[in-house]
Amino acid sequence: MPAWYQWPLLPWHALALATGAKSFEANPVLGHAGLNRAGLHLARRRLAMRMAERRRAACAGGLAPAQREAFLRDGYLVIENFLPAERFAAMRDEIFATAIEAREYLDGYSLTRLIPLDAGTLGRLPATAAALAHPQYRALHDYVGSFRLQPFQFIQTIFSNVRVAEPDVQSDFHLDTFHPTVKSWLFLEDVDAEEAGFTYVPGSHIPTRRHLAWERRASIGAAKAPDRSTREGSLRIEEHELPRLGYPAPVKFAARANTLIVADTSGFHRRGVTDHATRRIAIWSYARGTPFRPWPGGDILGATGLDKRVVRLFWAAQDRLKRARGKTGGWGWVGLRRATDAPSL
Ligand SMILES: O=C(O)CCC(=O)C(=O)O
Ligand SMILES: [Fe+2]
């Protein structure tokens with residue numbers, strides 16, 4: 001039962017069922033054990049998948065049939081030599097040479113640095129802006145994400161083993177959310193097999209019956225799960241549970257520079273675990289639409305250019321909230337950094 005103090009907001013929480021809201025903990029309807037036992041979570045998931053299928057079909061034009069087939073089978077696409085070589089080199093050289101205000105987050109053994117590619121930075125990175133205007137880039141995100149949406153873009157550097165600690169929170173197998181959604185990495189440097197390569201369970205974007213049964217069970221206890229990400233709607237799974245779900249073994253991707261990996265991160269994935277002190281630099285993008293919408297268009301942020309501003313506004317609001325609550329740690333601005341600058345702890 002929701003606690004008494006949650007009752008006044010129940011209609012609001014119920015309305016959130018029709019949106020991408022995913023936190024089992026923050027929403028007493030989404031997190032309700034009885035409702036999830038009866039199939040609330042699964043019903044949302046099934047309907048969201050049906051809608052995504054329709055939207056995806058409408059976005060299929062920009063992909064070759066073999067690409068569509070590979071994606072529908074695996075849940076990801078790996079495209080080597082994605083950009084023309086000169087364009088890629090110009091972008092990489094420009095990025096490696098430019099120091100820009102960055103945000104960083106120290107979590108477990110990783111330090112992640114993000115430099116937004118937005119209205120505040122793209123003017124200083126003309127070769128990068130030109131390279132990312134590649135029409136296939138957008139088409140792939142639209143198809144995999146199932147929305148015609150301008151993705152949010154960042155320069156992402158992940159340093160692993162910056163300190164003695166457990167791997168970061170992304171290094172557990174998980175689903176980002178309950179509906180199809182897209183993330184991509186266009187690697188600026190090689191990622192070797194023993195490094196922290198992106199790892200995906202092939203085919204897990206289309207849940208098997210056993211996967212759905214696992215998800216139903218997980219959703220029942222998710223609001224009170226010991227793991228925070230699970231409570232927040234990004235279900236974690238133990239590695240030893242995976243083989244029972246009927247998928248092939250996870251694939252950890254080694255990749256040459258200029259490889260693009262685009263994935264539906266509603267399938268099981270994680271950041272690969274490594275013993276080495278490594279750095280992984282990529283153009284990282286994601287896009288997420290409203291899961292129950294039957295049509296793929298209507299990108300208001302993209303049409304108004306706000307997509308290049310909202311991330312910063314969101315971060316500012318987050319930072320203000322954190323200060324107001326007297327909290328420290330987590331993501332924060334750290335001043336000028338190049339993507340390649342060694343972490344200073
Ligand atoms: O960085 C990676 O390899 C995966 C991280 C992840 O799980 C995510 O961004 O959703
Ligand atoms: Fe993820």
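Two strands count as paired here when DSSP finds at least two bridges between them. By that yardstick, the predicted model has an open sheet of 3 strands, laid out in the order β7-β6-β9 with antiparallel pairing. On the edges sit β7 (251-252) and β9, each of which pairs on one side only. Strand β6, spanning residues 198-200, is tied to β9 by 3 bridges, and the two run antiparallel. For a handy landmark in this pairing, look at Tyr200, which stands opposite His269 in β9.

That same His269 turns up again around ligand 1. The residues surrounding ligand 1 are Gln170, Asp176, Lys183, Phe198, Thr265, His269, Arg270 and Arg271. Strand β9 (residues 269-271) supplies 3 residues, the largest share of this shell. Sorted by class, the shell comes out as 4 charged, 3 polar and 1 nonpolar.

Another set of pairings centres on strand β4. This strand covers residues 152-159, and 6 of its 8 residues are buried, so β4 is largely enclosed by the rest of the structure. The cut-off for calling a residue buried is 20 or more other C-beta atoms within 10 Å of its own. Strand β3 (residues 110-116) pairs with β4 in the antiparallel sense, over 6 bridges. Strand β10 (residues 279-287) is joined to β4 by 8 bridges, again with an antiparallel run. Ile158 of β4 is a good residue to follow through both pairings: Thr112 stands opposite Ile158, and Ile158 in turn stands opposite Arg280 in β10. As for how such partners are held, strands of a sheet pair through backbone hydrogen bonds, either parallel or antiparallel.

On the helical side, there is a packed pair to look at. Two packed helices are described by the angle between their axes and the distance between the axes. Helix α3 (residues 40-58) packs with helix α8 (residues 209-221) at an angle of about 130°, and their axes are 8 Å apart. Angles over 145 degrees would count as roughly antiparallel and 65 to 115 as roughly perpendicular, so α3 and α8 end up oblique to each other. From α3, the contact draws on His41, Leu42 and Arg45, while α8 brings in Leu212, Glu215, Arg216 and Ser219. In class terms, the contact between α3 and α8 is a mix of 3 charged, 2 polar and 2 nonpolar residues.

Key. Residues are numbered from 1 along each chain as its sequence is written. Chains are lettered from A and ligands numbered from 1 in the order in which they are written. This is a predicted model: local features need pLDDT of at least 70, side-chain atom pairs count only at pLDDT 80 or more; totals for chains, interfaces and linings use all residues. A residue is near a molecule or strand if its C-beta atom, placed from the backbone, lies within 6 Å of it. Helices (H or I, at least four residues) and strands (E, at least two) are DSSP runs, numbered from the N terminus. Ala, Val, Leu, Ile, Met, Phe, Trp, Tyr, Cys and Pro count as nonpolar, Asp, Glu, Lys and Arg as charged, and the others, Gly among them, as polar. Axes are lines fitted to C-alpha atoms, for helices over the stretch in contact, and angles run from 0 to 180 degrees between N-to-C directions. Angles under 35 degrees count as roughly parallel, over 145 as roughly antiparallel, 65 to 115 as roughly perpendicular and the rest as oblique. Two residues are in contact if their C-beta atoms, placed from the backbone, lie within 7 Å. A residue is buried if 20 or more other C-beta atoms lie within 10 Å of its own, exposed if 12 or fewer, and partly exposed in between; C-beta atoms are placed from the backbone.
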